[in-house]
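Good morning, colleagues. I should like to take a few minutes to go through the empty spaces and the chain contact in the model on the screen.

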Amino acid sequence: MAHEAVEHNQVLASDWGGGRSPFGVGWPKLMMWVFLVSDTLTFAGLLAGYGALRLSLGRWPAQAEIFDLYLVGAMTFILICSSATMAVAVSAARRGDRGRVIPFLLLTALGGLLFLTGQAYEWTKFIHEGARLSGNPWGVPQFSATFFIITGFHGGHVSVGVLYLLATALRWGLRRIQPESVEIAGLYWHFVDLVWVFIFTLLYLI
Amino acid sequence: MEHSTDRLERAAHPEGYRIYGVVWFWLLVITLLELGIVLVHVPRALLIGSLLILALMKAALIIAYFMHLRYEKLSLVYAVVTPMFFLAIVLFAFIGPDALSVFYRR
């Protein structure tokens with residue numbers, strides 16, 4: 001019996017014994033990571049579907065001539081900058097540099113809004129040229145369908161992210177949240193940037 | 001526990017805000033490289049290969065430094081990174097043959 005009790009205590013004392021945090025992060029942050037992994041699956045599914053369609057069709061419009069690469073490059077630039085300002089906001093919150101958090105959160109949200117403006121302009125132009133979900137003048141209906149679905153899904157994430165950032169800034173100003181909450185918002189925002197890296201490469205460049 | 005969070009806090013900020021500036025700079029450099037490769041004409045296979053490598057480099061920078069994963073406990077790193085390998089294998093194994101079979105039929 002005594003032996004069993006010792007073993008039981010050893011289990012409890014281990015990292016995975018319960019009552020501890022085996023991942024070394026708080027519960028909310030761990031759940032955001034779990035969500036991001038599952039959201040990765042969503043985008044991976046969309047991008048894999050796009051790749052399979054494009055490969056199996058064998059023909060695809062010359063998208064470098066259809067898209068405005070300078071506009072997309074500028075949007076990418078803005079999103080990277082907003083990710084950097086977000087990193088500064090998170091770091092400031094964690095080190096107790098309180099005054100710097102809200103300005104950098106707002107800068108980040110502004111970056112997101114600029115990105116969305118660029119995307120709205122791009123979509124408008126694309127639609128004026130005749131692109132629809134169901135077809136387009138370039139002869140491959142899947143081309144505009146995958147474009148609208150994938151960039152739309154990403155744009156939805158950016159829109160939600162801007163609201164999330166504004167809510168975080170407001171709640172930080174009211175002193176309702178801990179630095180960890182800013183960090184979690186940061187994880188989400190960086191993820192949006194991360195997904196754009198792949199969309200930018202696969203949809204626009206390749 | 002006290003001790004380990006303390007260690008994480010310190011490890012997370014080795015050089016203040018500077019590291020974010022450095023990562024930001026390299027992300028921009030890689031983006032410009034990507035655009036440059038597209039604008040000069042290189043063979044298709046080389047184009048796709050180099051663009052994918054550059055994209056993975058950007059992703060690694062964002063995950064490691066902006067998302068702080070480099071400074072997290074290894075158990076969290078494995079929990080996040082290993083599913084990606086399985087994901088890649090599953091996608092290639094199940095979708096790849098279907099997509100590529102067209103090459104043999106054409």
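**Cavities, the largest pocket and the interface**

Let me begin with the second largest cavity, whose volume is about 40 Å³. Please bear in mind throughout that this is a predicted model. Which residues line the second largest cavity? From chain A there are A:Val90, A:Glu183, A:Gly186, A:Leu187 and A:His190, and from chain B there are B:Phe66, B:Met67 and B:His68. Helix H7 of chain A, residues 179-205, provides the largest share of this lining, namely four residues. By character, the lining of the second largest cavity consists of four nonpolar residues, three polar residues and one charged residue.

I turn now to the largest cavity, which has a volume of about 70 Å³. Its lining is formed by A:Ile66, A:Phe67, A:Asp68, A:Glu122, A:Lys125, A:Phe126 and A:Glu129. Here the main contributor is helix H5 of chain A, residues 98-128, which gives three residues. How does the lining of the largest cavity divide into nonpolar, polar and charged residues? Three are nonpolar and four are charged, while no polar residue takes part. Counting cavities of 30 Å³ or more, one arrives at three.

Next, the largest pocket. About 1,800 Å³ of space lies within the largest pocket, and 48 residues line it. Nearest to the centre of this pocket are A:Phe198, A:Leu202, B:Leu52, B:Leu56 and B:Phe92. Four elements give two or more residues each to the lining: in chain A these are helix H2 (27-57) and H7, and in chain B helix H3 (44-66) and helix H4 (74-105). Which of the elements gives the most to the lining of the largest pocket? That is H4 of chain B, with 14 residues. The lining of the largest pocket comprises 40 nonpolar residues, with four polar and four charged ones.

That brings me to the contact between the chains. The size of an interface is often expressed as the accessible area lost when the parts come together. Between them, chain A and chain B bury about 4,200 Å², and 75% of that area is on carbon and sulfur atoms. Chain A brings 52 residues to the contact, and chain B brings 47 residues.

As for specific pairs, six residue pairs are in polar contact between chain A and chain B, with both residues at pLDDT 80 or more. On the side of chain A that touches chain B, H2, helix H4 (69-94) and H7 each supply at least two residues. The residues on that side of chain A divide into 32 nonpolar, 11 polar and nine charged.

Finally, the salt bridges. Over all chains, the structure holds five salt bridges, and the count between chain A and chain B is one. In that salt bridge, the side chains of A:Lys29 and B:Glu72 meet at 2.7 Å, N to O. Why does the pair of B:Glu72 and A:Lys29 join two chains? B:Glu72 lies in the loop between H3 and H4 of chain B, whereas A:Lys29 belongs to helix H2 of chain A, and so the pair joins two chains.

Thank you for your attention.

Definitions and conventions. Residues numbered from 1 in each chain as written. Chains lettered and ligands numbered in written order. Heavy atoms only, no water. 1 Å grid on protein atoms, 1.4 Å probe; cavity = no way out; pocket = protein on both sides within 12 Å on 5 of 7 lines; lining within 4 Å. Points joined across faces, edges and corners; volume = space filled by probe spheres on them. Nonpolar A, V, L, I, M, F, W, Y, C, P; charged D, E, K, R; others polar. Contact = heavy atoms within 4.5 Å. Buried area = accessible area lost by both parts, 1.4 Å probe. Salt bridge = Lys/Arg side-chain N within 4 Å of Asp/Glu carboxyl O. Polar contact = N/O pair within 3.5 Å; in protein donor to acceptor, adjacent residues only side chain to side chain.
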